[in-house]
Structures are given as structure tokens and as C-alpha cells.
Amino acid sequence: MARGVAALGTWLPGLVLLLGLGLASPLAAQPSEREAQARLDALGEELKAVSAQLSTTREARDEASEALREVETALAETHRRLDALQAERRTLGDEIASLEARRDQLAAERTEQVEALSAQLDALYRLGRTPQLKLLLNQDDPARLDRLQTYLNRLARARNKRLDALARLDAELADTRRALSQRVERLEAVAEELAARSTTLAEQISERATLVARLDERFASEQARLATLAQDRAHAERTLREVQERLARLERPPPSTAIEQTRGELPWPVQGSIASTFHEGAGVHRNGLLIRAAAGTPVKAVHAGRVVFADWMRGFGNLLIVDHGDRVMTLHAHLQHFTAGVGAAVSRGDTLGAVGDSGGQQRPGLYFEVRRGGDPIDPRRWIARQP
């Protein structure tokens, strides 16, 4: 009996954990799909509320830093809109090509129907205006009369079918031409907005370059620059711990995604060259990897989870955090723009954003960090070796 109680004490915590994660046996009451979705939606709203409460994390040190935050936030929106417009333009191009092919096909079918109808009408014309009456007056062989009447009936039915087909083709052709006109008109509007956004982008990039230069001029020495970077890192540590604490206090914390079982097998968020490794970088880069890659390169989620933060943060620029459950988070900094928003569920390989140089960086790259229980750990212990 004592052994049984001891065994129960051994596996009971594990059972409680499984029940808490919704992984109990089929005997447990299973929520409906609608209820499950409602809980997920509620979790997303909670995460958005937490993100709003953490808006102070975007604070800048001074006027120049605040201006940098504003212009980089605007740049992110411009890049996001440009990406959306480019995608829409590609979609419209495909739709226009498809509609043009459909229009040509319908026009060819209409031509065939007109030619066939002309042949039928020509045959009827040769028989005269009242072929049935002529057949009766000729008092020809009754069997021959029946055959001719059958032929005339078939010819009339075929003519009516051709006329119906022509009417249908004309209607389809009109609809196709109308849809094509609408797509072309929308494509022209997209092209105009793309041009305007591109102009805005150039102006914002120029403004950002001026601000970054102003920020760099503040440092009278390398020591002063390193001191500022250390301040940024200390500020980031406080903020990230607050994120972790607020997630722990959620009524519906993000569920486990079994990330512990993927150690050493996670994919890289982006392919590129390593500029600094764990505990080798300076400032906010000290606790992770800085990966150099071309601006605009998609940044992928390394594992399933939920976006719990997507905002501009001092030192990090545009920062996106994914919570994977089990108190494990991944950080993605210096993004050009965000693709996923706060509260969004992401799967392994989903695009989170694009590589950028936000946060006052001189070169584009992705800063990637893994945190467990709020403490940074070497990402190379979790992600696979580069191919």
C-alpha cells in the first residue's frame, strides 16, 4: 500500500501537468472546436493588452533617439505597405493574364459558333423559305418526306442550340471584359501608390541616415559609446523580464509547444554570416547571435508559438518576441518591418518579418536571442548547425 501511495506521488504531478496543458486522456471532457478557438482568441486579446501596457518600453533616451524611433516606425509601415502592394500587383498580374486567356478562348469559341451557325443558316436558305410546304406540295415518297422532315427538325434544333450558345458566350465575354477592366484599373492604382510609397521610402531613408549620424556624433570616445550600449542592454533586460513576468500572470498562458524536445534541431531564422556570437557581441547583442543578411530577407519562426511583442525598442529597433511555452522565448531584433502581429499564432517556418537595420544599425542584419525563464541562453544549443 505504501509503495502504491509513493508511486501515485511520483506520477501525479505529471498527470496534473498533462491536464493543465490539455493533453489528458480522451476520457476527459474535450472542448468543442468553437470553444477552443474562443480561448485562443481570448489569449490573443490578453497578449495585445500586455503589449499595450508595455508601450513605455519604446522610450528613447533623448530627442534624437525619439526621432529615430518615429522615423524607423514609419519606415517599417512603409516597407510593410510596399510588400503588400508588390504582392497585390503580382496577384493582379496573374489574374489579368488569366482573364486575357479566358477572353481569347471565349472569343475563339464565339467565332466557331458563328461559323457553324452560318453553315446551318446557309443550308436552310438553300431549301427555301417554306421547305415543309414544298415537301407536301411535291407529293414525293412519304418515307423520303419523313427523312427530310427529320433533317429539318434537327437543323432547327441545332440552330437554336447555336443561338443559345452564342448568347451565353456573349454574356461570359462581357463579364470577362468587365472584370479585366476592373483589374487593369486596380493595377494602375497600385502602380501609382507604389510610386508614391517609393518616394516616401527614399525620403525616410535619407532622414534616418541623418539621425543615425547625429546619434553617432554624441560619442566623444569609444568608451562613451560602449557605456551607452551597456545602458541600452540594461534597459532591455528590465523590459524583457517584465514581459516574462506579465506572461506568467496571464489567465491563459501560452500553451506548451514541446520546444524542449527540439533542442539542437531548430532551423535558423535566417541564413547569413555570423557577425557576433553569444557573449561576444557588445550592448544588446551580447546575449545572442547577430546574423548578417540582405535587407528585406524574410525572417522565419524557428518553432511554433505566439507573438507576444512586436514594437520598437531602444537598442533593438523593431523587435518581435515569440513565446513558445515552457518559459522559452525567441527574440528577433532590427527588423525592417513586422509580418506577424501581437497575439498571432505562428508555426515553424512562418514569416515573422524582414531583415533590416532598425535601432540605428549601420548594416542590415538579424539579432536573434533565445531566453529560458527570462534568462538568455546560447542559441546555438537550440538551433541546428548551418548547412
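**Exercise 1. Strand β3 and its sheet**

Three bridges join β3 to strand β9 (residues 351-355). Work out in which sense the two strands run, then place β3 in its sheet.

*Solution.* This is a predicted model.
Step 1. β3 and β9 run antiparallel.
Step 2. Take one position along the pair: Lys300 stands opposite Thr351 in β9.
Step 3. Now widen the view. The sheet is open, has three strands and follows the order β3-β9-β7, with antiparallel pairing.
Step 4. Look at the edges. β3 (298-300) and β7 (335-338) each have a single partner strand, so one side of each is left without a neighbour in the sheet.
Step 5. Add the twist, which averages 35° from one strand to the next.

**Exercise 2. Strand β5 and its partners**

Find the strands that pair with β5 (residues 317-323), starting with β4 and going on to β6. Then decide how enclosed β5 is.

*Solution.*
Step 1. Recall the general rule: strands of a sheet pair through backbone hydrogen bonds, either parallel or antiparallel.
Step 2. Start with strand β4 (residues 305-313). Seven bridges pair β4 with β5 in the antiparallel sense. Within this pair, Val307 faces Val322 of β5.
Step 3. Check the connection. β4 and β5 make a hairpin, with three residues between them. Gly315 sits in the turn and has a positive phi of about 85°.
Step 4. Move on to strand β6 (residues 328-333). Four bridges join β6 to β5, and these strands run antiparallel. Leu320 has His332 in β6 as its bridge partner.
Step 5. Check this connection too. β5 and β6 form a hairpin with four residues between them. In the turn, Gly325 has a positive phi of about 75°.
Step 6. Count burial. Seven of the seven residues of β5 are buried, so the strand is largely enclosed by the rest of the structure.

**Exercise 3. An aromatic pair**

Classify the ring pair formed by Phe316 and Tyr367, and locate both residues in the chain.

*Solution.*
Step 1. Count first. The structure has one aromatic pair.
Step 2. Use the geometry. The ring centres of Phe316 and Tyr367 are 5.8 Å apart and the planes lie at 25°, so the pair is stacked. The cut-off for stacked is planes under 30 degrees apart.
Step 3. Locate the partners. Phe316 is in the loop between β4 and β5, while Tyr367 is in strand β10. They are 51 residues apart, and the pair links distant parts of the chain.
Step 4. Check burial. Phe316 has a relative accessible area of 1% and is buried. Tyr367 is buried as well, at 0%.

**Exercise 4. The cavity**

Describe the largest cavity by its volume and its lining.

*Solution.*
Step 1. The structure holds one cavity of 30 Å³ or more. About 30 Å³ of space lies in the largest cavity.
Step 2. List the lining: Arg233, Ala236, Glu237, Leu240, Val284, Asn287, Phe316, Glu369 and Arg371.
Step 3. Sort by element. α6 and β10 (366-372) each give two or more residues to the lining. α6 gives the most, with four.
Step 4. Sort by class. The lining has four nonpolar, one polar and four charged residues.

**Exercise 5. Gln271**

Is Gln271 buried, partly exposed or exposed? Where is Gln271 found?

*Solution.*
Step 1. The relative accessibility of Gln271 is 45%, so this residue counts as partly exposed.
Step 2. Gln271 lies in the loop between α6 (222-248) and β1 (273-276).
Step 3. Compare sequence with space. Gln271 and Val299 are 28 residues apart in sequence, and their C-alpha atoms are 9.0 Å apart.

Terms used: Residues numbered from 1 in each chain as written. Predicted model: local features only at pLDDT ≥ 70, side-chain atom pairs only at ≥ 80, totals over all residues. Heavy atoms only, no water. Buried < 20%, exposed > 50% of the residue type's maximum accessible area, 1.4 Å probe, protein only. 1 Å grid on protein atoms, 1.4 Å probe; cavity = no way out; pocket = protein on both sides within 12 Å on 5 of 7 lines; lining within 4 Å. Points joined across faces, edges and corners; volume = space filled by probe spheres on them. Nonpolar A, V, L, I, M, F, W, Y, C, P; charged D, E, K, R; others polar. Pairing = 2+ DSSP bridges. Axes fitted to C-alpha atoms, helices over the stretch in contact; angles between N-to-C directions. Phe/Tyr/Trp six-rings, centres within 6.5 Å; stacked < 30°, edge-to-face > 60°.
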